[in-house]
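Me: Please take a close look at a single part of this protein. Then work outward from that part, one step at a time.

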Amino acid sequence: QVQLVESGGGSVQAGGSLRLPCVASRYITTSYCMGWFRQAPGKEREGVAAIDGAGWISYADSVQGRFTISKDNAKRTLYLQMNSLKPEDTAMYYCAAARYCSARSGVRTLKGAMEYWGKGTLVTISS
């Protein structure tokens, strides 16, 4: 079993930045496929960014160029750096992990492949 704990959410104005860390209970960041997903009120959960064990990275078109996914293996931590935030980025953000998946298939295809999920952290962007 793997536990994932997100933090770093909050309320910021449009144009601002936030960094979300996700700490894993085991050293999985080197080999697992990991990603960030978000769910806005009334909408389905969607993939935002993913990185797999081979280092492939995929972003949703809506965040490309504004968000950066990274990891610190020594700290068992996955990060999502979010810049130039927009009101439409408002959502609950979830960290997820899977033993086997490939970011080459695109983050939007990975939701069903994820085995472990955090409880989420809320991001609210005001205009």
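Reply: Two strands pair if DSSP finds at least two bridges between them. Strands themselves are DSSP runs of E with at least two residues, while helices are runs of H or I with at least four; the numbering starts from the N terminus.

This is a predicted model, where local features need pLDDT of at least 70, side-chain atom pairs count only at pLDDT 80 or more, and totals for chains, interfaces and linings use all residues. Residues are numbered from 1 along each chain as its sequence is written, and side-chain values use heavy atoms, with hydrogens and water left out.

My chosen part is strand 9. It covers residues 91–98. Is this strand enclosed, and how many of its residues are buried? Seven of its eight residues are buried, so the rest of the structure largely encloses strand 9. (Buried means under 20% relative accessible area, exposed means over 50%, and partly exposed is in between, with a 1.4 Å probe and protein chains only.)

Now look at its partners. Strand 9 and strand 4 run antiparallel and are joined by seven bridges. Find Ala96 in strand 9: Gly35 stands opposite. Now find Cys95, also in strand 9: its bridge partner is Trp36.

Next comes strand 10, which spans residues 116–117. It too runs antiparallel to strand 9, with two bridges between them. Ala96 returns here, since its bridge partner in strand 10 is Trp117. So on one hand Ala96 faces Gly35, and on the other it is bridged to Trp117.

Strand 11 is another partner. It covers residues 121–126 and pairs with strand 9 in the antiparallel sense over three bridges. To see that pairing, look at Tyr93, which stands opposite Thr121.

Step outward to strand 4, at residues 33–39. Six of its seven residues are buried, so strand 4 is also largely enclosed by the rest of the structure. Besides strand 9, strand 4 has strand 5 (residues 46–51) as an antiparallel partner, with five bridges. One of the paired positions is Phe37, whose bridge partner in strand 5 is Gly47. Strand 4 and strand 5 form a hairpin, with six residues between them. Gly42 sits in the turn, with a positive phi of about 80 degrees.

Gly47 leads us on to Ala60. Ala60 lies in the loop between strand 6 and strand 7. It is in a loop, yet its relative accessible area is 2%, so Ala60 counts as buried. What touches it, leaving aside neighbours within four places in sequence? Gly47, Val48, Val107 and Arg108 are in contact with Ala60. (Contact means heavy atoms within 4.5 Å.) Ala60 and Ala50 are ten residues apart in sequence, and their C-alpha atoms are 9.1 Å apart.

Stay in that loop, which runs between strand 6 (57–59) and strand 7 (67–72), and find Gly65. Is Gly65 buried or exposed? At 74% relative accessibility, it counts as exposed. Gly65 and Thr109 are 44 residues apart in sequence and 20 Å apart from C-alpha to C-alpha.

Two other loop residues are worth a stop. Arg76 has a positive phi of about 55 degrees, although it is not a glycine. It lies in the loop between strand 7 and strand 8 (77–82). With 24% relative accessibility, Arg76 counts as partly exposed. Ser84 also is not a glycine, and has a positive phi of about 50 degrees. Its place is the loop between strand 8 and strand 9, which brings us back to our strand. Ser84 has a relative accessible area of 42%, so it is partly exposed.

Finally, zoom out to the chain. It has eleven strands and zero helices. Its radius of gyration is 13 Å, close to the 14 Å that the globule rule gives for 127 residues, so the chain is as compact as a globular protein of that length. (That radius is taken over C-alpha atoms, and the rule is 2.2 Å times the number of residues to the power 0.38.) Along the principal axes, the C-alpha atoms fill a box of roughly 40 × 25 × 25 Å. Buried residues make up 43% of the 127. Of the contacts with a separation of 6 or more, 62% join residues 24 or more positions apart.
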